[in-house]
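User: I am new to this structure and would like to learn how to read its features one at a time. Could you take me through some of them?

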Amino acid sequence: MPELPEVETVTNSIKKHLINQRFDDLNVLWPKVLHNFTVSDFKNRIKNQKITSIYRRAKYIVFEFKSCIMAVHLRMTGKLYVVSEIDENKKHISIVLKFSDKYLIFEDTRKFGRFYLHKNMDNLNSKLGPEPLTESFSFEWMYENMKNRNRQIKSLLLDQSFIAGLGNIYTDEVLWYSKIHPLSKSDSISKQKIRELVCAIKRVLS
């Protein structure tokens with residue numbers, strides 16, 4: 001499953017093509033890809049609206065419009081990319097979003113990826129922890145919040161409501177770097193180990 005660095009890479013790869021562009025239409029090939037909205041909602045709220053910003057929040061790719069946001073979660077096998085022509089031989093395309101001169105393709109072999117429509121970021125932010133590569137994610141924050149929880153440390157790090165963006169691969173790496181056993185209880189880990197853990201998270205994700 002793509003984690004923070006992979007999602008950041010995808011976000012940057014499409015952002016340069018799509019800022020200030022407007023969706024002309026969409027073609028939904030896998031209906032479940034639209035999680036909480038319909039084609040009609042797209043036409044009423046997104047079609048012909050300028051994309052003002054594209055950024056990553058946790059493992060979501062967020063498209064910001066004047067009056068709403070559309071968030072994409074790649075899940076296990078999702079691929080989001082821009083093309084000038086559609087390859088008709090592609091078998092796993094879930095949705096095609098059309099611009100005047102290009103297409104945004106979402107290809108997903110396992111079909112777990114989803115698109116979400118919200119008025120703003122409040123809904124997503126209420127479910128997501130801090131971004132680990134920002135200043136707000138610090139040793140002080142980590143120490144305070146780990147001591148308040150009695151959970152296995154790997155499970156806690158995978159919890160997106162605790163820290164945003166870590167998945168199985170990078171969680172294993174940061175625990176290895178900081179020499180903390182994955183089954184260690186969060187409230188029993190020493191201050192020094194927590195300091196090393198914060199450094200490891202920033203180092204690995206960077």
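Analyst: What follows is a short conversation about some helices and one strand residue, and it should be kept in mind that the model is predicted.

User: Let me begin with a single helix; which residues of helix H4 are buried?

Analyst: The general idea is that an α-helix has 3.6 residues a turn, so residues three or four places apart point the same way. In this structure, helix H4 covers residues 139-147, and its buried residues are Phe139, Met142, Asn145 and Met146. Looking down the axis of H4, one finds these buried residues within an arc of 145°, so they line one face of the helix.

User: What covers the buried residues of H4?

Analyst: The cover includes helix H5, which runs over 153-158, and helix H7, which runs over 191-205.

User: How should I describe the way H4 and H7 cross?

Analyst: Two packed helices are described by the angle between their axes and the distance between the axes. For H4 and H7, the axes come within 9 Å and cross at roughly 120°, and the two helices are therefore oblique to each other. Their crossing is right-handed.

User: Which residues of H4 and H7 meet?

Analyst: From H4 come Phe139, Met142, Tyr143, Met146 and Lys147, and they meet Lys191, Ile194, Arg195, Leu197, Val198 and Ile201 of H7. Sorted by kind, the residues of this contact between H4 and H7 are eight nonpolar, no polar and three charged.

User: At what angle do the axes of H6 and H7 cross?

Analyst: Helix H6, made of residues 168-178, has an axis that comes within 8 Å of the axis of H7, and the two cross at roughly 135°. H6 and H7 are therefore oblique to each other, and their crossing is right-handed. On the H6 side, Tyr170, Glu173, Val174, Leu175, Tyr177 and Ser178 take part, while the H7 residues they meet include Leu197, Ala200, Ile201 and Val204. The contact of H6 with H7 is made up of nine nonpolar, one polar and four charged residues.

User: Turning to a single residue, is Met70 buried or exposed?

Analyst: A residue counts as buried when its relative accessible area is under 20%. Met70, which lies in strand S4 (residues 69-73), has a relative accessible area of 0% and is therefore buried.

User: What is Met70 in contact with, leaving aside its neighbours within four places in sequence?

Analyst: Its contacts are Phe23, Phe37, Ile46, Ile61, Val62, Phe63, Phe65, Leu97, Phe115 and Tyr116. In addition, the C-alpha atoms of Met70 and Leu117 are separated by 4.6 Å, although these residues are 47 residues apart along the chain.

Terms used. Residues are numbered from 1 along each chain as its sequence is written. This is a predicted model: local features need pLDDT of at least 70, side-chain atom pairs count only at pLDDT 80 or more; totals for chains, interfaces and linings use all residues. Side-chain values use heavy atoms; hydrogens and water are left out. Buried means under 20% relative accessible area, exposed over 50%, partly exposed in between (1.4 Å probe, protein chains only). Helices (H or I, at least four residues) and strands (E, at least two) are DSSP runs, numbered from the N terminus. The arc is that of the directions from the helix axis to the C-beta atoms. Contact means heavy atoms within 4.5 Å. Axes are lines fitted to C-alpha atoms, for helices over the stretch in contact, and angles run from 0 to 180 degrees between N-to-C directions. Angles under 35 degrees count as roughly parallel, over 145 as roughly antiparallel, 65 to 115 as roughly perpendicular and the rest as oblique. A crossing is left-handed if the near helix is turned anticlockwise from the far one by less than a right angle, and right-handed if clockwise. Ala, Val, Leu, Ile, Met, Phe, Trp, Tyr, Cys and Pro count as nonpolar, Asp, Glu, Lys and Arg as charged, and the others, Gly among them, as polar.
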